[in-house]
Amino acid sequence: MAGKLIVSFNGKAVGEYELDKDSFVIGRRPESDIHLDNLAVSGRHARILTIGPESFIEDLESTNGTLVNGDRITKQPLADGDEITIGKHVLAFRGDAASSGAGGGGGQSLAETIVISGEDGAALREAATEAERARQAAAEPEAAAGKAPAAGGSAANIGPARLRLVTESGDGKEMALSKALTTIGKPGVQVAAISRRQNGDFIVHVDGGENNAARPVINGSAIGAKSQLLDHEDLIEIAGVRMRYLKG
């Protein structure tokens with residue numbers, strides 16, 4: 001388990017939440033996973049996303065913003081002891097110290113967000129060359145020295161994988177999955193995340209737009225609340241965009 005949040009209002013603890021599922025929405029709406037009943041809080045204010053042992057917070061374009069340790073953020077990894085301020089509420093993050101700050105810097109290299117901003121997945125195509133170049137640059141020094149890829153990060157312990165766009169005219173451009181976490185989709189419509197772990201690549205539902213109803217579809221079936229292991233040649237559908245997951 002990645003940790004928990006201790007919620008305080010005006011300096012008084014009012015709740016404690018274990019981060020025991022992949023996504024927690026924080027907001028003023030009663031159906032929020034963490035309900036903060038205060039006018040300074042937006043209906044859907046922020047979200048905590050947990051992938052494996054790591055968690056990060058993302059502001060959901062709230063009116064008054066989300067602060068971490070006093071600084072306004074858009075999306076940021078969380079480390080043990082971080083304090084999240086939403087309106088007059090403070091949410092203290094208590095995580096596994098061994099994983100929350102692993103690698104130094106609290107995980108600032110955790111995520112590279114790739115957002116599909118158009119129906120044809122233009123941003124995914126544009127990111128393909130840069131992501132592949134970064135992956136090759138990281139691999140070349142070790143290959144030249146005759147070494148295996150270094151252990152220590154979940155993405156370093158599994159083989160290469162990529163997403164290939166599928167269009168009506170055939171297969172399109174590709175994007176290498178070179179980061180520990182890649183989010184894909186259209187904010188406010190449908191968003192999913194793919195995390196690289198020691199035992200494979202997992203996809204998890206992040207946001208499904210109105211009523212959080214739209215979930216990623218794998219080979220024709222919508223995934224559940226838990227993350228799902230991807231297999232070679234799985235067909236992924238997110239926000240109207242179809243992609244093929246490929247290993248090697």
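**Aspartate 22, serine 62 and an open sheet**

Beyond the four places on either side in sequence, aspartate 22 touches Ile48, Leu49, Thr50, Val204, Ala225, Lys226 and Ser227. These contacts come from a predicted model. Aspartate 22 sits in the loop that links β2 to β3 (23–27). The residue is buried because its relative accessibility is 14%, below the 20% cut-off. Leucine 49 lies 27 residues away from aspartate 22 along the chain, yet the two C-alpha atoms are separated by 5.7 Å.

A second buried loop residue is serine 62. Its loop runs between β6 (54–59) and β7 (66–68). The relative accessible area of serine 62 is 8%, so this residue also counts as buried. Its side chain takes part in polar contacts. One, of 2.6 Å, is with the side chain of aspartate 59. Another, of 3.2 Å, reaches the side chain of histidine 45. With neighbours within four places in sequence set aside, serine 62 is in contact with Ser42, His45 and Arg72.

Strands β2 and β7, which flank these loops, both belong to an open sheet of 6 strands. The strand order is β2-β1-β11-β10-β7-β8, and the pairing is antiparallel. β2 (12–18) and β8 (71–73) each have a single partner strand, so one side of each lacks a neighbour in the sheet. On average, neighbouring strands are turned by 30° against each other, direction ignored.

Within this sheet, β10 (residues 83–86) and β11 (residues 89–95) run antiparallel and are joined by 4 bridges. Threonine 85 has valine 90 of β11 as its bridge partner.

Key
Residues are numbered from 1 along each chain as its sequence is written. This is a predicted model: local features need pLDDT of at least 70, side-chain atom pairs count only at pLDDT 80 or more; totals for chains, interfaces and linings use all residues. Side-chain values use heavy atoms; hydrogens and water are left out. Two strands pair if DSSP finds at least two bridges between them. Helices (H or I, at least four residues) and strands (E, at least two) are DSSP runs, numbered from the N terminus. Axes are lines fitted to C-alpha atoms, for helices over the stretch in contact, and angles run from 0 to 180 degrees between N-to-C directions. Buried means under 20% relative accessible area, exposed over 50%, partly exposed in between (1.4 Å probe, protein chains only). Contact means heavy atoms within 4.5 Å. A polar contact is a pair of N or O atoms within 3.5 Å; within protein, one must be able to donate a hydrogen and the other to accept it, and residues adjacent in sequence count only if both atoms are side-chain atoms.
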